[in-house]
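Got the structure open in your viewer? Let's take a walk through it, one selection at a time.

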Amino acid sequence: MDFSSFRIGFDPSDTKRVHAYWDEIFASQKWAEGKFTQQFEERWEAWNGTPGVAMSSWAGAAMACLEYFHIRGRKVLCPTNTFMATPLSVVKAGGEVIFGDCNREDLCLSYDAVVSAAAQHDLAAVWLVHIGGHIAFDTLKIAEFCRAKGIVLLEDCAHAHGASWNGRKPGTFGDAGAYSFYATKSVSTGEGGMLVSQRPDLIAFAKKYRNYGKFEHEVDGLNYRMSEFTAALGLVQAERLETITAWKNEIAEKHLNPKHPKRLRMPDGMVSGLYKYIVFEPIEKSTGKVYDKLCHAIMKRPGTFPHAEWISQHHWCVPLYYNPEGGR
Ligand SMILES: Cc1ncc(COP(=O)(O)O)c(C=O)c1O
């Protein structure tokens, strides 16, 4: 039984299907903008409960959202405990990053940080990052607050594949969500991303944005398209998503929870995709921290963020990788 050695979240028994799809793509002479991109999006929507637009990476989805909501010259709140992708997307879209603190319990942006930032700044948007594979515990309160104040709420779902809260999926609480299918994620296509939103106008915008604004050229996008080969792999992976989530949760319950009483605890009704299995005590064999350097420090920005600083010192990740050939 091996779940501790790094493995990409992929079932080798799916290889045959991926190869069959790839043969079909070779024969079709259509390597981009074809039926697999559409099928991947439809399958993702079936899981996520909201329409999706496949992108070449998380960054494409993020840029489409930020440009759609016109954040240029405006302020966007980001947690300092995140990957640099989140604040950099704001910088690249011409916005100003305001950093916020998080909760110790879930590692994610706190409601208090949102309220406090909104009292001090005219916020155009909030990036809420679902760190580690669960949904940020303050999501409902933050979503309600943003709705009431007219602040756009964007969910960074890069880690959140497979997560749900009383059946509701990441990216459905705010105005839009952005997933990453980078090689280490719970569900991967090597590279790739997915924008999800319940706003048909944003979905239509994103489809043009990823394709240089074709065909009317009213949207100034660049190339964020996903190739058909990647989309075919994505389709197979999307169909495997629930199996991967259930497998990881079963292993966690059976083998990890009894050993780690000081683990991150989920609220009622929450299922984590377990991108990371997080504990609040040092352990012998750890994969390290989700992030050990906070973004405000990397970007040399002032401010004190006591909870994020505490987290960067006091959490560790227990290895947990999907390995269907390793038994249970
Ligand atoms: C929280 C977070 N946001 C965004 C990204 C960026 O995703 P991508 O590499 O697909 O652009 C990552 C990691 O890759 C991430 O961990």
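Here is a tour of some strands, a helix, a few charged pairs and some unusual backbone spots.

**Before you click**

You're looking at a predicted model, where local features need pLDDT of at least 70, side-chain atom pairs count only at pLDDT 80 or more, and totals for chains, interfaces and linings use all residues. Residues are numbered from 1 along each chain as its sequence is written, and side-chain values use heavy atoms, with hydrogens and water left out.

**Stop 1: strand 7**

Select residues 176-180, which form strand 7. Helices (H or I, at least four residues) and strands (E, at least two) are DSSP runs, numbered from the N terminus. Is strand 7 enclosed or open? Five of its five residues are buried, so strand 7 is largely enclosed by the rest of the structure. Buried means under 20% relative accessible area, exposed means over 50%, and partly exposed is in between (1.4 Å probe, protein chains only).

Show the side chains: Ala176, Ala178 and Ser180 point one way, Gly177 and Tyr179 the other way, and all are buried.

Now bring in the neighbours. Two strands pair if DSSP finds at least two bridges between them. Strand 5 (residues 152-156) runs parallel to strand 7, with three bridges joining them. Strand 8 (residues 193-196) runs antiparallel to strand 7, and that pair has four bridges. Click on Gly177 to see both: it is the bridge partner of Glu155, and its own partner in strand 8 is Val196.

**Stop 2: strand 5**

Move over to strand 5, where five of five residues are buried. Both faces are covered, with Val152, Leu154 and Asp156 on one side and Leu153 and Glu155 on the other. Leu154 stands opposite Ala176 in strand 7.

Which strand is joined to strand 5 by five bridges? That's strand 4 (residues 123-129), and the two run parallel. To find a spot where they pair, select Ala125 and its bridge partner in strand 5, Val152.

**Stop 3: helix 6**

Add residues 139-149, helix 6, to your selection: strand 4, helix 6 and strand 5 make a right-handed β-α-β unit. A crossover is right-handed if, with the strands pointing away from the viewer, the path from the first strand over the helix to the second runs clockwise. Turn the model that way and trace the path yourself.

Next, colour Thr139, Ile142, Ala143, Phe145 and Cys146, which are the buried residues to look for in helix 6. They cover an arc of only 165° around the axis, which puts them on the same side of helix 6. (The arc is that of the directions from the helix axis to the C-beta atoms.) On the other side of helix 6, Glu144, Arg147 and Ala148 are exposed.

What covers the buried residues of helix 6? The cover includes helix 5 (111-120), strand 4, strand 5 and strand 6 (164-165), where contact means heavy atoms within 4.5 Å. Just after helix 6 comes Gly150, whose phi is positive, near 70°.

**Stop 4: charged pairs**

Side chains of opposite charge can pair when their charged atoms come close. A salt bridge here is a side-chain nitrogen of Lys or Arg within 4 Å of a carboxyl oxygen of Asp or Glu. How many salt bridges does a search of the whole structure find? Nine.

Start with Glu24 and Lys35, whose closest N and O atoms are 2.5 Å apart. Glu24 lies in helix 1 (residues 15-28) and Lys35 in helix 2 (residues 35-48), so the pair ties together parts that are eleven residues apart in sequence. Glu24 is partly exposed at 35% relative accessible area, and Lys35 is partly exposed at 42%.

Then try Lys208 and Glu216, which meet in a salt bridge at 3.5 Å, N to O. After that, select Asp11, Asp14 and Arg240, joined into one network by salt bridges that share partners.

**Stop 5: backbone oddities**

Zoom in on Lys214 and Phe215, joined by a cis peptide bond with omega about 5°. Phe215 lies in the loop between helix 7 (200-209) and helix 8 (228-256).

Go back to the loop between helix 1 and helix 2 for Gln29. Its phi is near 60°, a positive value in a residue other than glycine, and Gln29 is exposed at 67% relative accessible area.

Finish at Lys300, in the loop between helix 9 (295-298) and helix 10 (306-314). Lys300 has a positive phi too, near 55°, and is exposed at 74% relative accessible area.
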